[in-house]
Amino acid sequence: MGELNLLELNKSAVKKTGGLQISTTGKLLVGITGGIALGLSAICAPFISPALRRFCLPYIPATNEQIANVLKALKGHKGTVLDLGSGDGRIVIEAAKNKFVSHGVELNPWLVLYSKFDAFKQGLSSNAQFQRQDLWKCDVSKYDNIVIFGVEQMMADLEKKFQKECKTNCNVIACRFPLPNLIPETTIGNGIDKVWVYNFQPS
Ligand SMILES: C[S@@+](CC[C@H](N)C(=O)[O-])C[C@H]1O[C@@H](n2cnc3c(N)ncnc32)[C@H](O)[C@@H]1O
């Protein structure tokens, strides 16, 4: 008799909940796990999305040696500096420390945020500025010095962009990969830290 009552009680509970009973703690855990998964996806997506673009340009920060070579290439030059694909902002910040008004354009919003925070922390916010922008859509014509740490496959298209947009005497510093058809004014360093320096004149 007691067993029968228990069975009835169970059946009605299953009916009421549609067969699935989740405790409040369970619901909370599902919510927290889902929230964490969503948050992680939102953080990681900007780091993965470059792989889906026409040219896959991943986030690889410049080495100290590479930064030193870029600064050598900037020596004796004046004016503004633009880093195309500025990553965590290290080149822009170093250029700002060397009295250049420096801008970085970067697709990844987290890296832009980090760069702005780092510049602020170092008291360089007025000379080191960052913007979330696609480098292919960035108008490079107002800059005196342009730094690009790209990948080999994109250098020919970049060369065309520079030839079309760069102002007279613009100093282009290509890190790791050269512009394929132009003769550099000079090169600095060796191996993966090598930089090629080009001086643009109207064609
Ligand atoms: C090789 S890292 C160089 C970072 C930085 N310039 C440095 O030297 O430390 C290239 C950067 O370009 C960014 N990037 C990739 N495609 C881009 C695009 N279309 N427009 C702007 N930034 C882009 C990546 O997110 C990455 O941070």
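Hi everyone. Let me open with one definition: two strands are said to pair if DSSP finds at least two bridges between them. Keep that in mind while we look at this chain together, and please remember that what you have in front of you is a predicted model.

First, an overview. The chain has 203 residues, and 31% of them are buried. Its secondary structure comes to six helices and seven strands. If you walk along from the N terminus, the order of elements reads α-α-α-β-α-β-α-β-β-α-β-β-β. Now think about contacts between residues at least 6 apart in sequence: 64% of those join residues at least 24 apart.

Let's go to strand β5, residues 170-175. Is β5 mostly covered or mostly open? It is mostly covered, with six of its six residues buried. C170, V172 and A174 point one way from the strand, while N171, I173 and C175 point the other way, and residues on both sides are buried.

Which strands does β5 pair with? One partner is β4, residues 145-149: the two run parallel and are joined by five bridges. As an example, I148 has A174 in β5 as its bridge partner. Helix α6, residues 155-165, belongs to this picture too, as β4, α6 and β5 together make a right-handed β-α-β unit. Another partner is β7, residues 195-200, which pairs with β5 in the antiparallel sense over six bridges. Here you can look for N171, which stands opposite N199 in β7.

Now look at what comes just before and after β5. N169 sits in the loop between α6 and β5. Its phi is near 75°, a positive value in a residue other than glycine. Why does N169 count as partly exposed? The reason is that N169 has 13 C-beta neighbours inside 10 Å, and the partly exposed class lies between 12 or fewer for exposed and 20 or more for buried.

R176 is in the loop that leads from β5 to β6, residues 186-188. R176 is not a glycine either, yet its phi is positive, at about 70°. R176 counts as buried because it has 20 C-beta neighbours inside 10 Å. Now compare I192, found in the loop between β6 and β7. I192 has 11 C-beta neighbours inside 10 Å and therefore counts as exposed. I192 and R176 are 16 residues apart in sequence, but their C-alpha atoms are 5.4 Å apart in space.

Next, the inside of the chain. The largest nonpolar core has 42 residues, and V70, I146, I173 and C175 have the most contacts inside it. You have already met I173 and C175 in β5. Leaving out residues up to four places away in sequence, V70 touches I91, V147, I173, C175 and V195.

I91 brings us to helix α4, where I91 is one of the buried residues, along with R90, V92, I93, E94, A95 and A96. In all, seven of the eight residues of α4 are buried. What covers them? The cover includes α3 (64-74), β1 (80-84), β2, α5 (109-121), β3 (128-132) and β4. Just after the helix, K99 has a positive phi of about 75°.

From β3, let me pick out F130. F130 counts as buried because 26 C-beta neighbours lie inside 10 Å. Residues up to four places away aside, F130 touches S86, G89, V92, G104, E106, V112, S115 and K116. V92, as you heard, is a buried residue of α4. F130 and L113 are 17 residues apart in sequence and 8.3 Å apart in space, C-alpha to C-alpha.

Finally, the ligand. Which residues come nearest to it? Of the 21 residues around the ligand, they are L57, A62, G85, G87 and L135. Two elements, α4 (90-97) and β2 (101-106), are the ones that give two or more residues to this shell. What is the shell like by class? It has 13 nonpolar, four polar and four charged residues.

To take home: α4 is mostly buried and contributes to the shell around the ligand, while β5 is covered along its six residues and pairs with β4 and β7. Thanks for listening!

Methods:
Residues numbered from 1 in each chain as written. Predicted model: local features only at pLDDT ≥ 70, side-chain atom pairs only at ≥ 80, totals over all residues. Near = placed C-beta within 6 Å. Helix = DSSP H or I, 4+ residues; strand = E, 2+ residues; numbered from the N terminus. Nonpolar A, V, L, I, M, F, W, Y, C, P; charged D, E, K, R; others polar. Right-handed = clockwise from strand over helix to strand, strands pointing away. Core = buried A, V, L, I, M, F, W, Y, C linked by C-beta atoms within 7 Å. Contact = placed C-beta atoms within 7 Å.
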